[in-house]
Each structure stands twice: as C-alpha cells, then as structure tokens.
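Work through the exercises below with the model open beside you. Try each task before you read its solution.

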Amino acid sequence: MLQNTIIGYPRIGSQRELKFLTEKYFRKEVSEAELRKEAEELRLSQWRMFKGKHIDWVPCGDFSFYDGMLDTACLLGAIPAAYKALGLKALDTYFAMARGYQREQGDVKALPMRKWFNTNYHYIVPVLEDSMELRLSGDDLFTMCGQALSIGIQAKPVLIGPFTFLKLARYQGKKARFAGKLAALYIEILAKLRALGVQWVQVEEPALVTDLCLEDIELFRELYSAILPSKGSLRVLLQTYFGDIRDIYRDVAAMQFDGLGLDFVEGKQTLSLIRNNGFPKDKTLFAGVVNGRNIWRNDYEKTLALLETLASYVEKDRIVLSTSCSLLHVPYTLGNEAAMDKKYKCHFAFAQEKLDELQVLQELFASANYTQNKLYRENVALIRAREQFADKEVQDAVAALQGKQFVRKPAVEQRRKLQQAALDLPILPTTTIGSFPQTKEVKRIRKAFKRGKLTAEEYTQHIREKIAACIALQEEIGLDVLVHGEFERNDMVEYFGENLQGFLFTQKAWVQSYGTRCVKPPIIWGDVKRTNPITVGYITYAQSLTKKPMKGMLTGPVTILNWSFSREDIEPREMAFQIALAIRDEVLALEAAGIRIIQIDEAAFKEKLPLRHTDWHKEYLDWAIAAFRLVHQSVKPATQIHTHMCYSEFEKIIKEIDAMDADVITFEAARSNLSIVDTLQRMHFRTEVGPGVYDIHSPRVPSVQEIEQSIYNILKKIPKEKLWINPDCGLKTRGRKEAVASLKNLVAAAKEVRQQLKETSVS
C-alpha cells in the first residue's frame, strides 16, 4: 500500500508561537517548565494535525528551541569546556552556545553560525575539542518520541547523521579521533529508539549531495559499517536533500539501509542514477517529489509522470511519497493569508497545503486512471492558466543588455584615489552596516501607517524624527560614515519588493532564519520594474542633517532574488537582470541627488551557490556577478560603491567576490574568528574590506580592548589603507543600549589604533 511522509516541518508555529515564547524565556518572563510545557502543546497540536492530514510517517525530533545541529551537539555531549564552566543548567548552557553569555569575569562568545547548505536557514556550528569526551546527554529526543507514540502517531525520529555532523563541525583538535566514538553513540541512540517501539528512524545526511572525495566516502563507510549491523528490527532511512548523491549512490545502495530518501526536485541526476544503476530490492524509496523550498502548487501532471517512470524501476508499494527537503523552508499555512486575492492564492502551497498535495498525489498515483480524476484535471488547468505580470519593456531591456554594460571604468585602483580625495576619510574609517535598533515604537508607527491610522505625511514626519535622532546619535558616537537607520524598512528585501512592480506580499508567511529570527519573503509573481524612487527621499533628508558622508542603503539584485520565493517559469538569470535594472535606476537617482557612498547589500550572494563546484559558474556565479556589476556600472568614478555579505564560508569564491568590482566590501566575520582575513591576504584581494570586528547576533557588548585586538589581528594581513572598521551586520535586532555601548567601544578602539599607528610611523 502506498504511503507518504515529510522530512520535517516548521517548528515556529502557525503564529510564531515558539518565537515569542522563547523570547519570553530570554527575558525571564516565563520559567523553563512553562517554556517546555507550551512547546509540548505546540508539538502535540501539530502531530494531531498530521494525523488528520493522513501523513503516514510523522517526523519527530525536528522540533528545536533554536537549531537542529545545536540539538545534535548537545545530544552527543559535544559541549565545549567554556560553556560547561559557566555552571548553568542544561537549557541555559544550550542558549549560551547559541547566543553567547555575559558575566562579570569575562564574556563567553556564541558558537559560529553558518548557512545550512544553500538555504537562508542558519545553523550553529559544533566545535569539537581534543579534550572533549562525547557521551549521550539529555533525553529530549526520546521524550518527544514517546509522547508521539502515546497518542497513536507513527513517529519517525529525525537525527542529523554522523557524517554530516563531522563534515560541518569545526575542530580544535584531530578530526579522526571522533569518528569511532560518534558511531558508538549512534548505535546507542538507535537501541534506545528501538526500545521505545519506533519502527523507522530518519538519519539525515545532506552532506552526501556535495562533492565527495575518497576520504569522505571512506569516512561514510567507516561510520555506517559500524552503525548499521546493530540496528536489529529498527528500520533506518538514509535521508538526503538539496541535490543528488551521484558520488556515493552505489555504495549507499549496497549498504544495510532499509530506505533511501532521495531528492527528485533539486537532484538533477537522481532519476538517472536509478535508471542506470537500478534500485535495490531490499529497500524502500522515499521519493522527494513535493518541493520543500518553494511555495508554488505542485504540478501533478509533471510529478505523476516522474512517479510513473520510477514505478518502472521500483515497485509502487516500495515507494513512499515525500517532500524534497524539510518544510522548515516555507511558511506554515496559507490559512493565515486572509487578505491575499484568491486569483493569486490558488497558485500557492505553504507547508500545511503541501500535506494535502502529498495526500492527493498518493491517491492519484495509486489510481489506474488518474487523468480522469477531478483534482488532477483542476490542477492541470490551474498550472497552465497562471496569469502573469508581463512587461515587454522590461523583457526587451534584458534582451538588449551587452557586455559593456557590465564593466565599470576606470579600474578600482584609479577609482580609489578619486574617492579618497572626494571623501577625505581617516585611515580605518568607522561605519555601521546599515540598520539601527528597531524599537517597539518604530514598529508601532509602521503598523499604524499600514492600518491607515496615520496619513502618509504623518508617517513620513515620524520616520524623519527617528532619522534625525539616529544621525545625532552617530555624530555623538563619532562614526565617520553615517547611515539613516532604515526605520522605514520592515525587512531589507520585503521593503524593496513593496516598491517594485512584479512582487506579491503576505501577511503572516514567516519562515525561520535562525533561532527566534523569522523573515517574511516576498513572492516574485511577474516581470520586475522600478516605477518610482524608493529610498532617495529619506537618504537625502539624512544627508542634509550632517556634513559627514551618508551611505545610501540598497539591497542588491541577487539577494532580493535569493530571499524571495522566485518564479519557476523563467530562469534565475533573467529574474536577476530584471531586478538589477530596477536597482540601477535607484543607484543613479541617489548619485544624482548628491549621495557619494552607496551600499548595495548582497547578504545572500553565496546562498544559492550550487553545492557542486562544477555547477558554480555556468549555473550561478557568471550571472550573479554580472547582475551586481550591472547595478553600479554607470556611476561616476568618485562615487564609492559598498556591499555587504552575511554568514557564509566565502573563502572558496573570494576571486569571484573581488570580480564584483565594488569599492568596499564588508563581511560578517566575527563568529568565525576573522578566518576570512587569511584568505583575503592569500588571494591578494583588491577591494577595500571591513571584516566585522564584533558579533551583533549576540547581546554581549565587546570591550574596547577586545575590538582593538581584532583590529590589530586584521592589520597583520590587510593594509591599513584598505581596512574599514564596522560591526559584522546590521543592528536591527539588537537593543538600543547594547548597540550604542558596542559602537562607542568600536569607535574608541579605532581611534586608539589610529593613534598607535601614527606614533609608530613617526618614530
């Protein structure tokens, strides 16, 4: 009999209940017992919903108070000594690893944070120390499984696999010593799950879809040749996603897994791997055919054609229909979108609606004559009839683009001299990344305006008052290059989408980015075009309040594309160029208004980089770099172009980042201990840089001495003439008190280092 499942589900709740609950705990407004009790109720309601939606195998253990990789580290006892030494209870130790911890005798920084493969979700990077003795710690996973089983749920426990855990961890010691112990712990975990009465366990190994070397393959074999023989009656599903497992398919097929979870949406070679190599007779295929990363309705005609092809290689009763990845990456439910026009709404499927799609696909695939089914025919008609915002002017402009429109002249070295003369900045200029703390009052003003309780004039006046206060604060702090604070912006992508043709917006389509941070991506529905100025009014007003340079703050085309739910009917390259032309118009308008520094943020530039190196340029980098260059190609040489990039491991694409031809690039680097600086030096990076000298994702305030030391460490690798001093990201999510204290320390540190450099050069 055909069955279905999902890999994972949004854990924040339909109304972001978990976010608000956890933040109450941070503020000590609820106890740990209250936090855990309400979280349990959230999970129970979700499991009951799965049961009502006829999901056969329900993921259990995909819930997290902060992050799944962090949960895994704590389960395995991989808690660095610095956090153990805090003497906190287990949950507070967990949050200290995620957020850092302040104490009188010295702060403890948070663990590093990275993007989860090529998504906008951030995970906490485990750190494995030589002195660390791994052991099973905590029983949350087993408690959750017991709760699910007790209410009649066919629970499928979810575990991040040992191979992916070891691949993504950071080592303060020798990597090899951990493999054997990790295998022993997974054997212990499987035994405990088997004792609970669990039938299937989902072991996630997304690292298998990346480029694997012989050493990787040997490590995988070593781990699972030790783990699998001990599984007994427990059935183990090896779950992969975000691509195909071409480097290791044959090995995996020959091992003692009971099921293989394969991605048929992003896995380009997944079907051909089965076609060319067959599928083992002793295994169940968990077929990821419903897209877990985008919000468009499933194309039943296309999906069923794929499933019918699969059925010629794998018997239908050995196929379990599934999502391509966890539904963590899409919003919770369309049911919250009461204001969305039905003519648009019918084309989308969020997490809850994808459960319905799985059920329908299961029914259709089991049918001998599904093409006559009403649901099938309605879906085919819907897919073929999607209305679009077509704009021939935009399409023609993209088609007419030529090579010279992607090249800025003169070269960066010549531009640098002109910009230094025009801006007259000190060495080690200080600035921020853009946003300032978004207080409750700012949010109240925006909400009142959206609800019609403030006129446009009243709203503009309120925002101007906030900008004026922000400028005065920055002048007081002593920053060299100022920003307007971005108080008018709800989100760096959504704000621009709201001011461009071709976008749709939601009310409550929140998606978890990290911890309690959620974002609400816009939807690209049709051709994109700028029809009116977007930022010019507020930026020029801010510049009128100060003699210091004011940065114009824009979001770049690649980030707008990557942080939106994109179209599936045209290529990403075309969407990126459409957005680039729109943002270019805004860049030129800012320049014409007298703004001499323009920051075009590409926070998500690396996010959609293909996971396999062979695809980097032809499928992504060539057009992504071109889109950014298109935005600033037409500005004058003396206009300084900045960009900013967020948490990712940039080292492998530093040459490509340099080729974006910005004048200044700031990186989020504090949580990675400024490791990117070594690469910048090694690759002879041309662009001026600002590696973030402190971590804004933690509430702790760095001392002057700490920031000074960071600056001196950077100066060992980067010439002082090319170095900027800044936080590692925007300050939107920080409290005002901690943000101001941190910036004062940053400016004091920069001034002290300048003085030391001056004295050294004189002597």
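Five exercises follow, each with a worked solution.

The model is predicted: local features need pLDDT of at least 70, side-chain atom pairs count only at pLDDT 80 or more, and totals for chains, interfaces and linings use all residues. Residues are numbered from 1 along each chain as its sequence is written, and side-chain values use heavy atoms, with hydrogens and water left out.

**Exercise 1. The parallel sheet**

Task: Find the order of the strands in the open sheet of 5 strands, and name its edge strands.

Solution:
- Start with the terms. Helices (H or I, at least four residues) and strands (E, at least two) are DSSP runs, numbered from the N terminus. Two strands pair if DSSP finds at least two bridges between them.
- Read off the order: β17-β18-β19-β20-β21, with parallel pairing.
- Look for strands that pair on one side only: these are the edges, β17 (551–555) and β21 (688–691).
- Add the twist, which averages 20 degrees from one strand to the next.
- Zoom in on one pair. β19 (residues 640–645) and β20 (residues 664–667) share 4 bridges. M645 has F667 of β20 as its bridge partner.
- Now find the helix on the sheet. Helix α23 (residues 572–592) touches β17 and β18 (597–601). Its direction makes about 175 degrees with that of β17. Such angles run from 0 to 180 degrees between N-to-C directions, with axes fitted as lines to C-alpha atoms, for helices over the stretch in contact.

**Exercise 2. Two packed helices**

Task: Describe how α8 (residues 177–196) and α9 (residues 214–227) pack.

Solution:
- Two packed helices are described by the angle and the distance between their axes.
- Here the angle is about 35 degrees and the axes are 9 Å apart.
- List the contact residues (contact means heavy atoms within 4.5 Å). α8 brings A179, A183, Y186, I187 and L190. α9 brings L219, E222, L223, A226 and I227.
- Sort them: 9 are nonpolar, none polar and 1 charged. Ala, Val, Leu, Ile, Met, Phe, Trp, Tyr, Cys and Pro count as nonpolar, Asp, Glu, Lys and Arg as charged, and the others, Gly among them, as polar.

**Exercise 3. An enclosed strand**

Task: Why is strand β13 (residues 500–504) largely enclosed?

Solution:
- Buried means under 20% relative accessible area, exposed over 50%, and partly exposed in between (1.4 Å probe, protein chains only).
- In β13, 4 of the 5 residues are buried, so the rest of the structure largely encloses the strand.
- Check its partner: 4 bridges join β13 to β16 (residues 523–530), and the two run antiparallel. F503 is bridged to I524 of β16.

**Exercise 4. Nonpolar cores**

Task: Which residues touch the most other members of the largest nonpolar core?

Solution:
- A nonpolar core is a set of buried Ala, Val, Leu, Ile, Met, Phe, Trp, Tyr and Cys residues joined through side-chain atoms within 4.5 Å.
- The largest has 148 residues, and the answer is W116, F220, F257, F264 and F348.
- α8 gives the most to this core, with 9 residues.
- Another core, of 109 residues, lies apart and includes I539 and W616.

**Exercise 5. Backbone exceptions**

Task: Are D424 and E486, which both have positive phi, buried or exposed?

Solution:
- Most residues other than glycine have a negative phi, and most peptide bonds are trans.
- D424 has phi near 50 degrees. D424 is exposed, at 64% relative accessible area.
- E486 has phi near 60 degrees. E486 is buried, at 10%.
- One more exception: the peptide bond from K409 to P410 is cis.
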